Amino acid sequence: MQSFSFDSVELPGSIPALRSEVRAFLAQERDRWPAERRANSWAVFDADFSRRLAAQGWVGMIWPKQYGGHERNSIERYVVLEELLAAGAPVGAHWIADRQSGPAILRFGSEAQRERYLPGMARGEIYCCIGMSEPNAGSDLASVRTRAERLPDGRWKINGQKIWTTQAQRCRLIIALVRTSPVNDKNRQAGLSQFLIELDTPGVQIRPIPDLVGDVHFNEVFFEDCIVDAECLLGTEGEGWKQVTGELSLERSGPERYMSSLALYLELLRAAGPNPSGILRQAIGRTAAELWTLRQMSLSVAGQLAAGRDPSIEAAIVKDLGNSFEQALPALVQSIVDEGVRLEADSDLSRVLAFLLQTSPSFSLRGGTREILRGIIARGLGLR
């Protein structure tokens, strides 16, 4: 039977100074963010903040300097992400570009594609969205129906639809997974390719999808006879499945997968004070233990990625457990607020709790549903 591992990671000696530097920067920014916006903050779009963060050298941290990066190590980048999320910084504008779109272009893109997009991403100025899910192909990416047809002049004509496309209405670029050859019943993953498509290209239409709390993060993206140049193909034609699964390890394993509800925990600690009651004290201690465990697991995956390994099973485990944790926390807090904590009508605690009670049900859907993740884990362990 195959197995998985979460080996400990030794933090470089540069980490304490880096943490102090990031915290000092965030201390000057924090008062601008309402308490409820510090929850799930990696979905909060703030282009000005992204540019200020990039000016500090904290976007594109591990990319080569020739493309605007800073050639820092992966663990340093992880620590910066931790600090940003712990403070509730609005990092949603550049998040996708920094986390997976930029690395995908760096790994699979042509030199022209790297030079065109990566420096702008590293400056916090070019934002990206993910074109994977479709109305009838949510977590089953092999069944995508969006098609790209090669034209006689070498260009491609794209038709189809993507859905749940985060921040598409504000982004310049989408990396779309599309079918470039007919479905092979024996290997449905074959014949898929990725394209870099600028969202102002004729034939692209974006329709926002408001959520329960009135925000607009998600969108439908339609391609109607959208013509793109041959140079828009990312990587190798027909290798889209292999390319996109590499992206998903980056998407599923980061600290955002367990820290989306951290702002609520911090507000609970403030409200509880230094001497909480027995039930409240137990809940605080149990939550701290879960947080620390998830943090060590997520950091281990970051270490494996830095070492060039493929931690797809471990990444799926982190996302499954992390989403379960951050979904359960709002209900837990709601159940214990009468145990020594007064829930004032307009307090920071009540606002964060109300926000997360409405938004946290979606946390287990993004990046692959819980059922899909557990299937990946079972297959990786040889159990199916």
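User: What makes the contact of arginine 99 and glutamate 256 a salt bridge?

Analyst: In this predicted model, local features need pLDDT of at least 70, side-chain atom pairs count only at pLDDT 80 or more, and totals for chains, interfaces and linings use all residues. Residues are numbered from 1 along each chain as its sequence is written, and side-chain values use heavy atoms, without hydrogens and water. A salt bridge needs a side-chain nitrogen of Lys or Arg within 4 Å of a carboxyl oxygen of Asp or Glu. Arginine 99 and glutamate 256 have N to O at 2.8 Å, so the pair meets the definition.

User: Why is arginine 99 called buried?

Analyst: Buried means under 20% relative accessible area, exposed over 50%, partly exposed in between (1.4 Å probe, protein chains only). Arginine 99 has 6%, so the residue counts as buried. Glutamate 256, at 1%, is buried too.

User: Why is aspartate 348 called buried, partly exposed or exposed?

Analyst: Its relative accessibility is 32%, so aspartate 348 counts as partly exposed. Arginine 351, at 25%, is partly exposed as well. Their side chains form a salt bridge, 2.7 Å from N to O.

User: What makes four residues of the second largest cavity's lining charged?

Analyst: Asp, Glu, Lys and Arg count as charged; Ala, Val, Leu, Ile, Met, Phe, Trp, Tyr, Cys and Pro as nonpolar; the others, Gly among them, as polar. The lining consists of Arg30, Arg38, Ala86, Ala263, Leu266, Glu267 and Arg270. By class, that gives three nonpolar, no polar and four charged residues.

Notes. 1 Å grid on protein atoms, 1.4 Å probe; cavity = no way out; pocket = protein on both sides within 12 Å on 5 of 7 lines; lining within 4 Å.
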